[in-house]
Amino acid sequence: MAFGLAKSWYLDGIVPYAAKRTREFGHTLNIDILGMHLIYTEDPENIEAIMSTKFSEYGKGRDLYRIWKNLMGDSIFATDGSVWEASKNMMHPHLTKARTTDLDYSEEHIQKLLKRISEAGHTADMSDLLTRFSLDLVTHVFLEESANSLEIRDFPLNNAMDQLQAFNTIRTIFKQGYWGSLVPDIFVRSHMLELNKYLDRRVDTILQNSKSTNKGSPRLVDSLRLKCQSKKEIKDQVVALLIAGRDPLGLSLVWALHELSLGFNIRTAIEDTSLPVGSGSNNREPVGILKGTQIIYSVIGMQRRSDIFGDDATVFRPERWENWSPSKWEYAPFNHGPRVCLGQSFAISHMRYALCRIFQEYQAIAPAIPNEDEKGMRLELNIKPASPVICIFKPRGVSRE
Ligand code: HEM
């Protein structure tokens, strides 16, 4: 109970805290509070340096690796250097290749999603259903067999991943002085067991199906069988797909139904270095950064800056795209540079498809809780709505064949 309250106070408070502080003190901050010591930045120049021009000087780092190992293992999301590069080389050819036939998978899972909405009497918690939809889709397309979580009421893997993400996010913020990495995994042991039970089952199935059931060119599972030296290596690639496929895609769809946005991200200075701006009387002088300093760069903070995007920066107004073209470093929901999202084109085409299909099916969608325009944000690895996004769906009357 106490942990639950502390958790929501902490994880729901970070985004508003950062917004308030940047309004007062500028867009690059040195934060030192309650054991947390880090640099926070929403300056595009600094984000460009971290993602691209000084890429080799900022990495995930040893402490983040230790903290997130219980969920991410040695996967692409937790590692730097040659281990990261090997995963990237394995995944890149498969994840970046869009296939129009993959939309057939989307349709199959959209049908299951629509069934769940209808069974719920057309008032449904879309945070839960869209996370399940994304997980089912990504596992089907890239791992041959869908998790099928939309068909199983009680699906403990989702809760296990949520709990691990929340626990590790708290440990990450309390990282400085190794505090976070010293808090043992014992508190989340049952969730680790649940995750590993699922991963072991998946790896066994991948190894048993010696030939891909998919027609056409080789798929990711073929590469996993061919190139990975151990079950552990396959497990690391599979868990990366669960992490990448479940939350970012599912949450983007959830925010799209409520409103659109995304992203906090963390790097560690792996040598003494600097950021281009953030100090001096006008905050435009470089900032010296010591090795080991943790940097939170906030894409969501940057994308809500009224001095860059105008006074309506926080308003959901998709029409802005008709005559607005942000510069590369002012708009980075998928990252840029060497660690750019490998699932970007897959995610965009399947989000488009899913949203179109949902709006084809329903003539109106309304929030179940009226006047809840400004949804709170919870930081749990990704930025989630702080409370369920419950929507009321009004069917068109004639079902689509
Ligand atoms: C709207 C949906 C998505 C968004 C907004 C998104 C965003 C991102 C971002 C910001 C990163 C950088 C993370 C970091 O630096 O730690 C990333 C990395 C990655 N994403 Fe996505 N992603 C989405 C969907 C997907 C999907 C569906 C897949 C897989 C099918 C995927 C695969 C990956 C992988 C493998 C990486 C690691 C790249 C690396 O570290 O080299 N993403 N994504």
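**A hairpin, a ligand shell and two cores**

Let me begin with the hairpin formed by β6 and β7, where five residues lie between the strands and G280 takes a positive phi near 85 degrees. Please keep in mind throughout that what we are looking at is a predicted model. The two strands of this hairpin, β6 with residues 273-279 and β7 with residues 285-289, run antiparallel and are joined by four bridges. If you look for S279 in the structure, you will find E285 of β7 standing opposite.

From there I would like to move to the ligand. There are 23 residues around the ligand, and those that come nearest are A244, P248, C341, G343 and A347. By character, the shell divides into 16 nonpolar residues, five polar ones and two charged ones. Three helices, namely α4 (81-95), α11 (231-258) and α14 (344-361), each supply at least two residues of this shell. Which of the helices gives the largest share of the shell around the ligand? That is α11, with six residues.

Helix α11 comes up again when we turn to the interior. The largest nonpolar core has 62 residues, and within this core V238 and L241 have the most contacts. Of the elements that build this core, α11 gives the most, with 13 residues. A second core, separate from that one, has 25 residues, including M51, V287, I296 and M302. Coming back to V238, and setting aside its neighbours within four places in sequence, we find that V238 is in contact with L143, L199, R202 and V203.

Let me stay with α11 for one further residue, L253, which lies in this helix. Is L253 buried or exposed? A residue is called buried here when 20 or more other C-beta atoms lie within 10 Å of its own, and because L253 has 26 C-beta neighbours inside 10 Å, L253 counts as buried. Again leaving out neighbours within four places in sequence, L253 is in contact with L130, M351 and A354. L253 and L355 are 102 residues apart in sequence, and yet, from C-alpha to C-alpha, they are 7.6 Å apart in space.

I will finish with helix α7, which covers residues 156-173. This helix has 18 residues and reaches 26 Å from its first C-alpha to its last, which is close to the 26 Å expected at 1.5 Å a residue. As for its surroundings, 13 of the 18 residues of α7 are buried, so α7 is largely enclosed by the rest of the structure.

Methods:
Residues numbered from 1 in each chain as written. Predicted model: local features only at pLDDT ≥ 70, side-chain atom pairs only at ≥ 80, totals over all residues. Expected span 1.5 Å × (residues − 1). Buried ≥ 20, exposed ≤ 12 C-beta atoms within 10 Å, placed from the backbone. Near = placed C-beta within 6 Å. Nonpolar A, V, L, I, M, F, W, Y, C, P; charged D, E, K, R; others polar. Core = buried A, V, L, I, M, F, W, Y, C linked by C-beta atoms within 7 Å. Contact = placed C-beta atoms within 7 Å. Pairing = 2+ DSSP bridges.
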